[in-house]
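User: I'm new to reading structures and would like a close look at one helix in this one. Could you pick a good part and walk me through it slowly?

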Amino acid sequence: MISLANLTISVAGKKIIDNLDFKFEKNRVYALMGPNGSGKSSLANSIAGHPSYIVNGKSQIQFEGESIIELTPDQRAKKGIFLAFQTPFSLSGVTVFQLLRLALSGIKDPLSVRKEIDELSKKLKIKKELISRSLNEGASGGERKKLELLQAIVLDAKFLIFDEIDTGVDVDALKIIATYLNKIKKGRTILLITHYNRILKHIKPDKVIVMMKGKIVKTGNHKLASEIERGGYEHYESPRS
Ligand SMILES: Nc1ncnc2c1ncn2[C@@H]1O[C@H](COP(=O)(O)OP(=O)(O)O)[C@@H](O)[C@H]1O
Ligand SMILES: [Mg+2]
């Protein structure tokens, strides 16, 4: 699905990620864990094509066998890469329907976009008024994350990245989001960025990746997340896998 090779990323002239190699497979859920400032969001942003994250000449990012390094964020999104932000912003005067209708013009007809939104908002237990209101206006952290998930599904995203998926999200919303992600993982790749084990109680990651100081220092199965919960990150200081 997505493969990273020799990925080196700098932000504001500072090297954040150094020579990273990793392959994300289809039908899998990944949990990317690591202390603050280890480069998790930088990695997510550079996959999505954020222009502030500069990748060096040797870096490779491939999506289904094709290099996407030259593509704009919009072109990457059209290929199916969806990054849900740590703090989804609100969009005054634009409803989720208007936004999605625009994004999908010429791809899906407005009626089916509307129908999908209605169905998904029921499944994800998103209040009706949040759907008719300007996007994210007055929405809580959990509601915003649910709305991000809704957008990812209507846009038919193939590679879904949720940055800080459990930050500011209450237990009920977290459970609904995790349960729904479990249902849709077939045919997709899901990357959950999280500090905690909390969400991983509801969705079992196929692989846990621990990142520190811009390097992957350990990978393992879901048990690794529990180990981290107990022992913290200290003993992963020296890179190994
Ligand atoms: N836009 C930016 N400008 C300057 N420094 C940044 C920017 N984004 C990230 N960094 C720096 O890059 C490092 C990694 O940050 P980040 O990827 O946000 O880590 P994480 O998501 O793991 O907490 C930090 O030292 C952070 O200060
Ligand atoms: Mg972050």
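Analyst: Here is a walk along helix 4, with a little about its surroundings and the rest of the chain.

Before we start, keep in mind that this is a predicted model. To get your bearings, the chain has eight helices and eleven strands. Its radius of gyration is 18 Å, close to the 18 Å that the globule rule gives for 241 residues, so the chain is as compact as a globular protein of that length. If you drew a box around the C-alpha atoms along the principal axes, it would be roughly 50 × 40 × 30 Å. Buried residues make up 38% of the 241 residues. Now look at contacts with a separation of 6 or more: 69% of them join residues 24 or more positions apart.

Okay, on to helix 4. It covers residues 110-123, which is 14 residues. You can do a quick check here: at 1.5 Å a residue the helix should span 20 Å, and its end C-alpha atoms are 20 Å apart, which agrees.

Next, which residues of helix 4 are buried? Val113, Ile117 and Leu120 are. They cover an arc of only 75° around the axis, which puts them on the same side of helix 4. Now turn the helix around in your viewer. The face turned away from that buried side carries exposed residues, namely Leu111, Ser112, Asp118 and Lys122. Notice that a leucine, Leu111, is among these exposed residues, while another leucine, Leu120, is among the buried ones.

What do the buried residues of helix 4 pack against? Their partners are helix 3 (96-103), helix 5 (128-132) and helix 6.

Let's zoom in on Leu120, which is found in helix 4. Why does Leu120 count as buried? There are 21 other C-beta atoms within 10 Å of it, and the cut-off for a buried residue is 20 or more. Setting aside neighbours within four places in sequence, Leu120 is in contact with Leu150, Ile153 and Val154. Leu120 also gives you a nice example of sequence distance against distance in space: Lys146 is 26 residues away from Leu120 along the chain, yet their C-alpha atoms are 9.7 Å apart. For another pair, try Val171 and His195, which are 24 residues apart along the chain with C-alpha atoms separated by 15 Å. Val171 lies in helix 7 (residues 171-184) and is partly exposed, with 13 other C-beta atoms within 10 Å.

Now for helix 6, one of the partners that helix 4 packs against. Helix 6 takes in residues 141-154, and its 14 residues should span 20 Å at 1.5 Å a residue; the end C-alpha atoms are 20 Å apart, so that agrees too. Helix 6 is mostly covered, with 13 of its 14 residues buried.

Have a look at what comes after each of these two helices as well. Helix 4 is followed by Lys125, whose phi is positive, near 55°. Helix 6 is followed by Asp156, and its phi is also positive, near 60°.

One last stop is the surroundings of ligand 1. The residues around ligand 1 include Val11, Asn36, Lys40 and Ser52. By class, that shell has three nonpolar, eight polar and one charged residues. Which helix gives the most to the shell? Helix 1 (residues 40-48) does, with three residues.

Definitions and conventions. Residues are numbered from 1 along each chain as its sequence is written. Chains are lettered from A and ligands numbered from 1 in the order in which they are written. This is a predicted model: local features need pLDDT of at least 70, side-chain atom pairs count only at pLDDT 80 or more; totals for chains, interfaces and linings use all residues. Helices (H or I, at least four residues) and strands (E, at least two) are DSSP runs, numbered from the N terminus. The expected span of a helix is 1.5 Å times one less than its number of residues. A residue is buried if 20 or more other C-beta atoms lie within 10 Å of its own, exposed if 12 or fewer, and partly exposed in between; C-beta atoms are placed from the backbone. A residue is near a molecule or strand if its C-beta atom, placed from the backbone, lies within 6 Å of it. Ala, Val, Leu, Ile, Met, Phe, Trp, Tyr, Cys and Pro count as nonpolar, Asp, Glu, Lys and Arg as charged, and the others, Gly among them, as polar. The arc is that of the directions from the helix axis to the C-beta atoms. Two residues are in contact if their C-beta atoms, placed from the backbone, lie within 7 Å. The radius of gyration is taken over C-alpha atoms; the globule rule is 2.2 Å times the number of residues to the power 0.38.
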